[in-house]
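Dear colleague,

I am passing on the structure we talked about, together with some notes on what turned up when I went through it. Please have it open beside this message as you read.

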Amino acid sequence: MKHSASELGSTIAASLLRLPRRFGRALIWLYRHTLSPLVGYNCRHLPTCSVYGDEAIERFGLWAGGWMTLARLLRCHPFGTSGIDRVPLTAPEGARWYLPWRYGRWRGVNAS
């Protein structure tokens, strides 16, 4: 099967655009297989913070998903939130690349 030059170019471009996302997910994978077993599985939320981060980065990319993950990690402490907290299906309203803090949910969980 032969591919045209434009198809090959768009495939390469798509792969390059996914590199940051893959890098972020690789860091989470590394954490899960090195540090997490040493620290213990003590997450206060379901899904765990690493699963949340992996899903957020896969769904929204490294920039937006990273901010969502940071907000989640900052909520996960002894006096923080707990319970079911899933990654949103769509980006929060008003979130823009130049207003990254709007991607994160800094208080509460989204369980209904």
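In what follows, two residues are said to be in contact when heavy atoms of theirs lie within 4.5 Å of each other. Please also keep in mind that this is a predicted model.

With that cut-off in hand, Arg72 is a good place to begin. Arg72 belongs to helix H4, and at 0% relative accessibility it counts as buried. If neighbours within four places in sequence are left aside, the contacts of Arg72 are Cys43, His45, Leu46, Pro47, Thr48, Cys49, Tyr52 and Asp85. One of these partners, Pro47, sits in the loop between strand S1 (45–46) and H4, and the peptide bond that leads from Leu46 to Pro47 is cis, with omega near -5°. Leu46 and Pro47, the two residues of that cis bond, are thus both among the residues that Arg72 touches.

Thr69 lies in helix H4 as well, which covers residues 49–75. Is Thr69 buried or exposed? With a relative accessible area of 11%, Thr69 is buried, since the cut-off for that class is under 20%. Its side chain reaches the backbone oxygen of Gly65 at 2.8 Å, and, apart from neighbours within four places in sequence, Thr69 is in contact with Tyr52, Gly53 and Ala56. Tyr52 therefore appears in the contact list of Thr69 and also in that of Arg72, where the criterion is heavy atoms within 4.5 Å.

A third residue of helix H4 is Arg59, which at 32% relative accessibility counts as partly exposed. Which side chain does Arg59 join through a polar contact? The partner is Glu55, and the two side chains are joined at 2.8 Å. Beyond four places in sequence, the residues in contact with Arg59 are Arg21, Val87, Pro88 and Leu89. As for spacing, Arg59 and Ala71 are 12 residues apart in sequence, and their C-alpha atoms are 16 Å apart in space.

After H4 comes the loop that runs to strand S2 (83–84), and Thr81 is found in this loop. The side chain of Thr81 makes a polar contact of 2.7 Å with the side chain of His45. When residues up to four places away in sequence are not counted, Thr81 touches Arg44, His45, Arg75, Gly108 and Val109. His45 is thus listed for Thr81 and for Arg72. The C-alpha atoms of Thr81 and Arg105 are separated by 11 Å, with their positions 24 residues apart along the chain.

Two serines in the early part of the sequence are also worth a note. Ser4 lies in the segment before H1 and is partly exposed, with a relative accessible area of 34%; from Ser4 to Gly108 there are 104 residues in sequence and 50 Å in space, C-alpha to C-alpha. Ser10 lies within helix H1 (residues 5–17) and, at 44% relative accessibility, likewise counts as partly exposed. Its C-alpha atom is separated by 34 Å from that of His33, a residue 23 positions away along the chain.

Finally, the chain as a whole. It holds four helices and two strands, which follow one another along the sequence in the pattern α-α-α-β-α-β. The radius of gyration is 17 Å, well over the 13 Å that the globule rule gives for 112 residues, so the chain is more spread out than a compact globule. The C-alpha trace spans about 55 × 35 × 25 Å along its principal axes. Of the 112 residues, 27% are buried. Among contacts with a separation of 6 or more, 72% are between residues 24 or more positions apart. The accessible surface comes to about 7,900 Å², and carbon and sulfur atoms account for 65% of that. As to charge, the chain carries 15 positive and 6 negative charges, whose mean positions are 5 Å apart.

With best regards

Definitions and conventions: Residues are numbered from 1 along each chain as its sequence is written. This is a predicted model: local features need pLDDT of at least 70, side-chain atom pairs count only at pLDDT 80 or more; totals for chains, interfaces and linings use all residues. Side-chain values use heavy atoms; hydrogens and water are left out. The radius of gyration is taken over C-alpha atoms; the globule rule is 2.2 Å times the number of residues to the power 0.38. Buried means under 20% relative accessible area, exposed over 50%, partly exposed in between (1.4 Å probe, protein chains only). Accessible areas come from the Shrake-Rupley method with a 1.4 Å probe; for residues, only the protein chains shown count as cover. Lys and Arg count as positive and Asp and Glu as negative; His and the chain ends are not counted. The place of a charge is taken as NZ of Lys, CZ of Arg, CG of Asp or CD of Glu. A polar contact is a pair of N or O atoms within 3.5 Å; within protein, one must be able to donate a hydrogen and the other to accept it, and residues adjacent in sequence count only if both atoms are side-chain atoms.
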